[in-house]
Amino acid sequence: LVRQALAEGRTLPTEVRATYDKHQLEISQEDSKTATPHSHVDDEYGDAGIEDPRICVTTSRDPSSRLKQFAKEIKLLFPG
């Protein structure tokens, strides 16, 4: 609704004017990937074959020495 009004040069409807700043920020941050809405299925494999996936290995807040060693070994298994 905001996009259409801005593209056509019309004034914004009164119910949208209160949240205009938030919507304007979202619109200005859009690029070719984020301009159209996608589902999580589209995003999961969107860059498959283009970029290598990034893997994050985490542990508990206070890991034991065995868990720390296991995490180090897991990090060696995955590239990047």
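Let's start with how the helices of this predicted model compare in confidence: helix α4, covering residues 40–44, has the lowest mean pLDDT among the elements of the chain, at 63, while α5 has the highest, at 92. For the chain taken as a whole, the mean pLDDT is 77, and 70% of the residues reach 70 or more. Keep those values in mind as you look around the model.

Now for the overall plan. The chain has 5 helices and 0 strands, and if you follow the elements from the N terminus on, you read α-α-α-α-α. How many of the residues are buried? Of the 80 residues in the chain, 8% count as buried. The accessible surface comes to about 7600 Å², and 53% of that surface belongs to carbon and sulfur atoms.

With that picture in place, let's visit a few residues, beginning towards the start of the chain. Find α1 (2–8) and α2 (14–17), then look at the loop between them: Thr11 lies there. Is Thr11 buried or exposed? Thr11 counts as exposed because its relative accessibility is 64%, and the cut-off for exposed is over 50%. Thr11 also has contacts to look for: leaving aside residues up to four places away in sequence, Thr11 touches Ala5 and Arg17.

Next, travel along the chain to the loop between α4 and α5, where you will meet Ile55. Ile55 has a relative accessible area of 51%, so this residue is exposed as well. Carry on past α5, which spans 65–77, and the segment after that helix contains Phe78. Phe78 has a relative accessibility of 39% and therefore counts as partly exposed; that category sits between the cut-offs of 20% and 50%.

How far apart are Ile55 and Phe78, in sequence and in space? Along the sequence, 23 residues separate Ile55 and Phe78. In space, their C-alpha atoms are 7.8 Å apart.

These two residues also share a feature on the outside of the model. Which residues make the nonpolar surface patch? Ile55 and Phe78 are among them, together with Val57 and Leu77. The patch made by these residues covers about 380 Å². Try finding Ile55 in its loop between α4 and α5, then Phe78 in the segment after α5, and you will have two members of the patch in view.

Terms used
Residues numbered from 1 in each chain as written. Predicted model: local features only at pLDDT ≥ 70, side-chain atom pairs only at ≥ 80, totals over all residues. Heavy atoms only, no water. Patch = residues over 30% accessible without salt bridge, like charges linked within 9 Å, V, L, I, M, F, W, Y side chains within 5 Å. Areas by Shrake-Rupley, 256 points an atom, 1.4 Å probe, with all protein chains shown as cover. Salt bridge = Lys/Arg side-chain N within 4 Å of Asp/Glu carboxyl O. Helix = DSSP H or I, 4+ residues; strand = E, 2+ residues; numbered from the N terminus. Buried < 20%, exposed > 50% of the residue type's maximum accessible area, 1.4 Å probe, protein only. pLDDT = per-residue confidence, 0-100. Contact = heavy atoms within 4.5 Å.
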